[in-house]
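Welcome! Take a moment to look over the sequence and turn the model around before reading on.

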Amino acid sequence: MAPRYALAKRKAQQLLEQAGITKPPVRVESLAKHVGARIRYEPFSGEGLSGMAYRQPDGKLFIGVNALHPRNRRRFTIAHEIAHLVLHQQEDLHIDEAFTINLRSDLSSLAVDEKEIEANQFAAELLMPAAWLIDDVQDRQIDLESDGTAIEELAKKYQVSVQAMTIRLSSLGAARG
Ligand SMILES: [Zn+2]
């Protein structure tokens with residue numbers, strides 16, 4: 001099965017719209033609530049475990065997040081786990097090692113499988129919606145080599161890591177990667 005990029009993107013946009021979120025930083029915790037999921041922050045032993053999405057037999061939804069990870073990383077993990085709950089409902093338990101949450105979702109050689117590619121695509125669109133970013137960047141080209149400050153400011157505004165913002169801008173063609 002090929003990754004459903006358009007579906008992942010559309011589902012993220014719909015969720016933002018339904019929750020009435022129109023500007024950054026996206027309150028990802030309230031979006032988890034919006035899809036009916038409770039978040040549990042756990043100090044998972046071993047840095048390698050990022051998070052999990054869990055559907056109980058009674059239908060209750062939970063997202064587990066590694067409390068030991070930095071805040072921006074936890075935000076990306078939550079967005080990624082929301083994607084699994086929304087897009088992959090046939091799965092009761094999904095566990096994400098750090099390597100499956102790959103920011104560079106468009107490189108299929110690095111992503112593990114199509115579910116992960118879809119979840120990463122969803123998370124990127126949820127936290128850094130293309131339309132908002134393009135507005136922010138307008139028509140000026142940000143040079144990743146020399147314009148570190150501009151990217152840092154955007155990362156701060158969207159509450160994502162500088163790495164995530166750099167990759168996102170590059171994949172949107174708003175910056176040279
Ligand atoms: Zn995943």
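**A metal site and a helix**

His-84 and Asp-96 are both buried. Keep in mind as you look that this is a predicted model. Both residues belong to the set that holds the zinc ion: His-80 and His-84 each offer NE2, Asp-96 contributes OD twice, and Glu-116 gives OE, at 2.0 to 2.5 Å. Read along the sequence, these donor residues follow the spacing H-x3-H-x11-D-x19-E. Because His-84 sits in helix α3 (residues 71-87) while Asp-96 sits in strand β4 (residues 93-97), the pair ties together parts that are twelve residues apart in sequence.

Now let's move to helix α1, which covers residues 5-18. This helix has 14 residues, and the span from its first C-alpha to its last is 20 Å, close to the 20 Å expected at 1.5 Å a residue.

Which residues of α1 are buried? They are Ala-8, Ala-12, Leu-15 and Leu-16. Looking down the axis of α1, you would find these buried residues within an arc of 100°, so they line one face of the helix. What do they pack against? Their partners are α2 (28-34), α3, α4 (114-127) and α5 (130-137). Helix α3 is thus a good landmark, as His-84 of the zinc site lies in it too.

Turn α1 around, and the face pointing away from its buried side shows the exposed residues Ala-6, Glu-17 and Gln-18. Follow the chain just past the end of α1 and you meet Gly-20, which takes a positive phi of about 70°.

Conventions: Residues are numbered from 1 along each chain as its sequence is written. This is a predicted model: local features need pLDDT of at least 70, side-chain atom pairs count only at pLDDT 80 or more; totals for chains, interfaces and linings use all residues. Side-chain values use heavy atoms; hydrogens and water are left out. Donors are N, O and S atoms within 2.8 Å of the metal (3.2 Å for Na, K and Ca); water is not among the atoms, so sites may look incomplete. Helices (H or I, at least four residues) and strands (E, at least two) are DSSP runs, numbered from the N terminus. Buried means under 20% relative accessible area, exposed over 50%, partly exposed in between (1.4 Å probe, protein chains only). The expected span of a helix is 1.5 Å times one less than its number of residues. The arc is that of the directions from the helix axis to the C-beta atoms. Contact means heavy atoms within 4.5 Å.
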